[in-house]
Amino acid sequence: MCTPAHSSQPETQSAPAVTVLMAVRNGLPHLRAAAASVLAQTFRNLEFLVVDDGSTDDTPAFLTSLARTDSRVRQVRNDQNLGLTRSLLRGMQESRGECIARLDADDIAMPGRLQAQASFMRDHPDVLVLGGGHEQFIDSPPQPTTAAPTHDGVEEVSFSSLLERNRFCHSSAIFRRRLIAQGLTYREPFVRSQDYDLWLRVALAGRVATLQRTVCLYRRAAEAVSLRHMHEQLRFAELARLLARERQITGTDMLDRIGAFPPLPADVKRRIQRQSGAALVYFAQRMAGAGRSGSACRLLGRALVANPALAIREI
C-alpha cells in the first residue's frame with residue numbers, strides 16, 4: 001500500500017502507488033515549476049493527473065507536450081470551468097493510485113516529499129490522511145533540499161486540534177483512495193476550504209497525522225485564490241467547523257441531510273470580518289517588504305473593505 005519504489009526508473013506496474021492530483025485553470029507560468037517538482041520526485045511509482053478546468057491560455061498545450069515526454073502524466077480536460085472542488089472530485093474518480101497526493105498548480109513539492117509520505121503510509125495502514133510542513137514564498141522559491149527523506153518527526157492530529165485550525169495546507173496532503181468508497185470526498189457546496197471540511201470528516205473516521213518536515217513550498221501572491229477570496233475562505237472554514245461539531249454528536253450533519261449550510265451566528269460573522277482584514281493587512285505588509293508595492297496596495301484595498309479600522313491604523 002503506497003509502496004515506495006527503490007529504482008530510479010518509473011515502475012511498469014499497471015496501477016501506480018500514488019496519484020499526484022492537480023487541478024488547474026490558466027496555470028502558466030507557475031505550472032511549469034509545479035509540474036517539474038512532481039516529475040523530479042525521488043519516488044518514481046506515480047501518475048501525475050492534471051485536471052485542466054477549461055483553461056484559455058497555453059496550459060492545455062503545455063500539458064499535452066508534457067504527457068508526450070513523460071508517460072506518467074495524464075491530462076483530463078473539463079469542457080467548461082467547473083471550479084476547484086468539482087475538478088478535484090473528477091480527479092479523485094479518475095485516479096488510479098492507492099494514495100492521492102495533492103499539489104496546487106502554483107506550489108512546489110520538495111524532492112523527497114512522496115518518498116517520505118508514501119513510506120509512512122505503507123508502514124501505518126491505519127492513517128487515512130497525512131500532511132506535512134510547508135514554507136511560504138512570494139517571488140523566488142527557496143532552493144529545495146535534496147536531503148535523504150525521513151519521517152522521524154510525526155504528529156498525531158486529533159479532531160479537537162483540527163477544530164481549532166486547519167493543521168496543514170492542501171498541497172502537503174496525501175490520503176488513501178479508499179476514502180472514496182467510504183463517502184469521504186470533497187463536497188461540492190464547499191467552493192472554498194473544501195480540504196478542511198474533508199480533513200474534519202476523516203478525523204472522525206480514523207487517524208490523521210502530519211510529518212514534521214517541509215514537504216512543499218507554498219506560493220503567496222496577491223492574485224492567489226486564498227488572498228483574493230480571504231473572506232470566503234474563512235466563512236467556509238467556519239461552516240466546516242459547525243458541521244463537524246454536529247457530525248461529532250449525531251454522526252451526520254445538515255449539509256448531508258438536507259443539502260444546506262447552517263446559518264452562521266452574528267459573533268462568528270464579526271470574527272470572520274476581523275480575521276479577514278487582519279490577514280490581508282499581514283500579507284500586504286509582507287508584499288511591501290518584498291518590494292511588491294502594487295500587490296501590497298491591492299491587498300490593503302481589500303483590507304479596507306473587510307476591516308476599515310484596522311487597515312487605516314496600519315496604513
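Q: Does aspartate 197 count as buried or exposed, and at what relative accessibility?
A: Keep in mind that this is a predicted model. The cut-off for buried is under 20% relative accessible area. Aspartate 197 falls under that cut-off, so it counts as buried, at a relative accessibility of 2%.

Q: Which residue meets the side chain of aspartate 197 in a salt bridge at 2.8 Å, N to O?
A: Side chains of opposite charge can pair when their charged atoms come close. Aspartate 197 sits in helix α6, and its partner lies 10 residues apart, in the loop between β8 (174–176) and α6 (194–203). That partner counts as buried, at 8% relative accessibility. The residue is arginine 187.

Q: Which residues are linked with Arg187 and Asp197 in a network of salt bridges?
A: The Arg187 and Asp197 side chains meet in a salt bridge, and both residues belong to a network of such bridges. The other members of that network are Arg201, Arg247, Asp253 and Asp256.

Q: How many salt bridges does the structure hold?
A: A pair counts here when a side-chain nitrogen of Lys or Arg is within 4 Å of a carboxyl oxygen of Asp or Glu. Arginine 96 and glutamate 47 make one such pair, with their closest N and O atoms 3.3 Å apart. For the structure, the count is 21.

Q: How many residues apart in sequence are the parts that arginine 96 and glutamate 47 tie together?
A: Arginine 96 is in the loop between α3 (84–94) and β4 (99–102), while glutamate 47 is in strand β2 (residues 46–52). Because the two sit in those separate places, their pair ties together parts of the chain that are apart in sequence by 49 residues.

Q: Which residue of the arginine 96 and glutamate 47 pair is buried?
A: Arginine 96 has 40% relative accessibility, so it counts as partly exposed. Its partner has a relative accessible area of 1%. The buried one is glutamate 47.

Q: In which helix do arginine 241 and glutamate 238 both lie?
A: These two form a salt bridge, the closest N and O atoms being 3.4 Å apart, and both are buried. They are three residues apart, about one turn of the helix. That helix is α8 (residues 230–250).

Q: Which charged residue helps line the largest cavity?
A: About 30 Å³ of space lies in this cavity. Its lining has five nonpolar, one polar and one charged residues. Val20, Val38, Gln41, Ala101, Ala109 and Leu114 are among the lining residues. Arg counts as charged, so the residue asked for is Arg113.

Technical notes: Residues numbered from 1 in each chain as written. Predicted model: local features only at pLDDT ≥ 70, side-chain atom pairs only at ≥ 80, totals over all residues. Heavy atoms only, no water. Helix = DSSP H or I, 4+ residues; strand = E, 2+ residues; numbered from the N terminus. Buried < 20%, exposed > 50% of the residue type's maximum accessible area, 1.4 Å probe, protein only. 1 Å grid on protein atoms, 1.4 Å probe; cavity = no way out; pocket = protein on both sides within 12 Å on 5 of 7 lines; lining within 4 Å. Points joined across faces, edges and corners; volume = space filled by probe spheres on them.
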